[in-house]
Amino acid sequence: LALPTLRTSPERQVPLLASRRTRSRVTTETLPPILRMREVTSSFTSGISRAVAERDDAGGKRDDAGGERHDAGGERHDAGGERDGAVLAAAVANMAASTAAGKQRIPKVAKVKNKAPAEVQITAEQLLREAKERELELLPPPPQQKITDEEELNDYKLRKRKTFEDNIRKNRTVISNWIKYAQWEESLKEIQRARSIYERALDVDYRNITLWLKYAEMEMKNRQVNHARNIWDRAITTLPRVNQFWYKYTYMEEMLGNIAGARQVFERWMEWQPEEQAWHSYINFELRYKENWIKYARFEEKHGYFAHARKVFERAVEFFGEEHMDEHLYVAFAKFEENQKEFERVRVIYKYALDKISKQEAQELFKNYTIFEKKFGDRRGIEDIIVSKRRFQYEEEANPHNYDAWFDYLRLVESDAEAETVREVYERAIANVPPIPEKRHWKRYIYLWVNYALYEELEAKDPERTRQVYQASLELIPHKKFTFAKMWLLYAQFEIRQKNLPFARRALGTSIGKCPKNKLFKGYIELELQLREFDRCRKLYEKFLEFGPENCTSWIKFAELETILGDIERARAIYELAISQPRLDMPEVLWKSYIDFEIEQEETERTRNLYRRLLQRTQHVKVWISFAQFELSSGKEGSLTKCRQIYEEANKTMRNCEEKEERLMLLESWRSFEDEFGTVSDKERVDKLMPEKVKKRRKVQADDGSDAGWEEYYDYIFPEDAANQPNLKLLAMAKLWKKQQQEKEAAEQDPDKDID
């Protein structure tokens, strides 16, 4: 016999069983770990092998005796018994022969002299891993049995049934054996036998829930509906507290379309007072089949029992309640009443349903209501329908933060609705607070509150509720981040209309304390001005200027107030304080107002000093022109001379100005002045100062610094600048020479042409 070898490299292939001479040549270090373990434990395994051989001999004798008993089983098993006996005898003989040969081949184990541990230790993990890699313990799969004729099939069935019956006989109360037996018979399409097995099992333990379920499921799988009904009926009668039977039974009837049967089962179930979930199942079942109520009512109507039909509809409405309303039921109810000429009842039914059913589910209901009103209603009813339709459209608006839709809806409701309905819509609208505390998201929303307050004041005539609306809106606004001055001012104006001046002042004072704004100060000051409370106005202006000292308009208004009150010195002090501020938003407006104030007071010297002080801060051309016009309009002696001196001084000052257009503006104003009041020599003098307009080119650079080409522009060359720069004079002479050369060439080409 060829001995198996390990699947290793050719240099390390070692037989599993080798002779004494061969094994002596193999050292422990050259063997794999699994063979090293075998070498160490060889003495132990030899003893085990002898014990196994003796046990196999005894087992063979017992198998022979068992074979003889099996042969005595009867004529039907003679052939199988003989074959099994022959197989067993051959197996016993082979085992005995292999055992004897093994006894002869087992060598004497050499004594281990070196008991020191090996350098490379073997672990259990290594043994398992190598066994897995070499697949030493895998057994071949059993051969597949093939049945070729009916005789073999019957023999197979007989043996399997005998096995199942033996198992049942041994363990009668183990229901799993019965179920396996019945399922095996079911797999062979032996439904009668399977039923018999289930019935026998029920005689053993009729309280087993799984047994009933498997029995009924078998009947349903094989489409034996009446048998399944019979089993479920027996199950719920025997074990009425098992909810699973009721659920399965009703589900089967519903799947078969037997709605009446399912309802009957539910009614039987409810008599046992089950738990809450069972009642919910019954309710959901009825909700799925609402049309049965309608069919019942139509049946009564068809046979002339109109009162009974009406009662059926009323029972249906009462049964489903307001939580599970269906438009089809109300449409059918309304049509029934319409056939009975009960138009008022029809209108009541439609309105009740439209108020209770959600707008998305009431499309068919609204359509039928419209048709009814067109057929039997008046103009008022049709208008109500149209308004209701528009209301439904607004109600279906998906985005509750679409405030424009709320405005349209509120206008519609205000035009034709009661005050309570309008208030309800307003409350729903203002409940949609913007999710982000940013003013741009609140600008449209705040007008809902404004319209709500105005409606309560003007339409509902309810001042107390109006006050509550204003106060609620002001509490809602996050004043630390932003505020709306219009709400504070509207509230204050409302309180004034109600003759509650302390409330108005308290509201405006609170607004200035919480969130001061220019608009709030202006509104409060305007209120006090109308009330002629000038001392309060002064205090408010002081607070206003402490809050925003850079606001030039506030300084001007404050000074104008003092001017109106006749306190000129106070007004002048306010102007002086204003122009001394380090930062102003519109300083030119403030200076102009101050100068106009002094001109109105005919303080020429003060005005002149103001112009000089202003020119120390800025050299703007408009300041010079205004200064010159002031001197001209003063009407005193020497005004023309002073005006001309100012122009000359401005021209000298602006020689170094880079803005040549401003210098040109000054000269044009000066020339218009000389044209009106000056002599010929004065005019010629100014004309000599006028610049020359020259077209030039310059490079243009893009934003990234690259060249973008050339562009043309106009530049102004003043005579005074040209005299100071000789290069400009040389350039002018070169241009003149070039022009002469071009004229000369043109004359040579066309001598008859006149040359200008």
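**Exercise 1.** In this predicted model, decide whether R572 counts as buried or exposed.

*Solution.* Step 1: take the relative accessibility of R572, which is 7%. Step 2: compare it with the cut-off, since buried means under 20% relative accessible area. Step 3: R572 therefore counts as buried.

**Exercise 2.** Place R572 in its helix, and find which residues it touches, not counting residues up to four places away in sequence.

*Solution.* Step 1: R572 belongs to helix α30, residues 568-579. Step 2: with residues up to four places away in sequence not counted, R572 touches Y594, F597, E598, E603 and R606.

**Exercise 3.** Describe the salt bridge between R572 and E569.

*Solution.* Step 1: the two side chains meet at 3.1 Å, N to O. Step 2: both residues lie in helix α30, three residues apart, so about one helical turn separates them. Step 3: in general, an α-helix has 3.6 residues a turn, so residues three or four places apart point the same way. Step 4: check the burial of each partner. R572 is buried at 7%, whereas E569 is exposed, with a relative accessible area of 54%.

**Exercise 4.** Which residues are joined into one network by salt bridges that share partners?

*Solution.* The network consists of E420, R423, E456, D462 and R465.

**Exercise 5.** Describe the salt bridge between E562 and R538, and locate its two partners.

*Solution.* Step 1: the closest N and O atoms of E562 and R538 are 2.7 Å apart. Step 2: E562 sits in helix α29 (residues 552-564) and R538 in helix α28 (residues 534-547). Step 3: the partners are 24 residues apart, and the pair links distant parts of the chain. Step 4: both E562 and R538 are buried.

**Exercise 6.** Classify each partner of the salt bridge between R345 and E337 as buried, partly exposed or exposed.

*Solution.* Step 1: the side chains meet at 3.3 Å, N to O. Step 2: R345 has 33% relative accessibility and so counts as partly exposed. Step 3: E337 has a relative accessible area of 0% and is therefore buried.

**Exercise 7.** Compare the span of helix α23 with its expected value, then describe its surroundings.

*Solution.* Step 1: α23 covers residues 446-459, which is 14 residues. Step 2: from its first C-alpha to its last, α23 reaches 19 Å, close to the 20 Å expected at 1.5 Å a residue. Step 3: its buried residues include W449, Y452, Y455 and E456. Step 4: among the elements covering the buried residues of α23 are α20, α21 and α24. Step 5: just after α23, K461 takes a positive phi of about 55°.

Key:
Residues numbered from 1 in each chain as written. Predicted model: local features only at pLDDT ≥ 70, side-chain atom pairs only at ≥ 80, totals over all residues. Heavy atoms only, no water. Helix = DSSP H or I, 4+ residues; strand = E, 2+ residues; numbered from the N terminus. Contact = heavy atoms within 4.5 Å. Expected span 1.5 Å × (residues − 1). Buried < 20%, exposed > 50% of the residue type's maximum accessible area, 1.4 Å probe, protein only. Salt bridge = Lys/Arg side-chain N within 4 Å of Asp/Glu carboxyl O.
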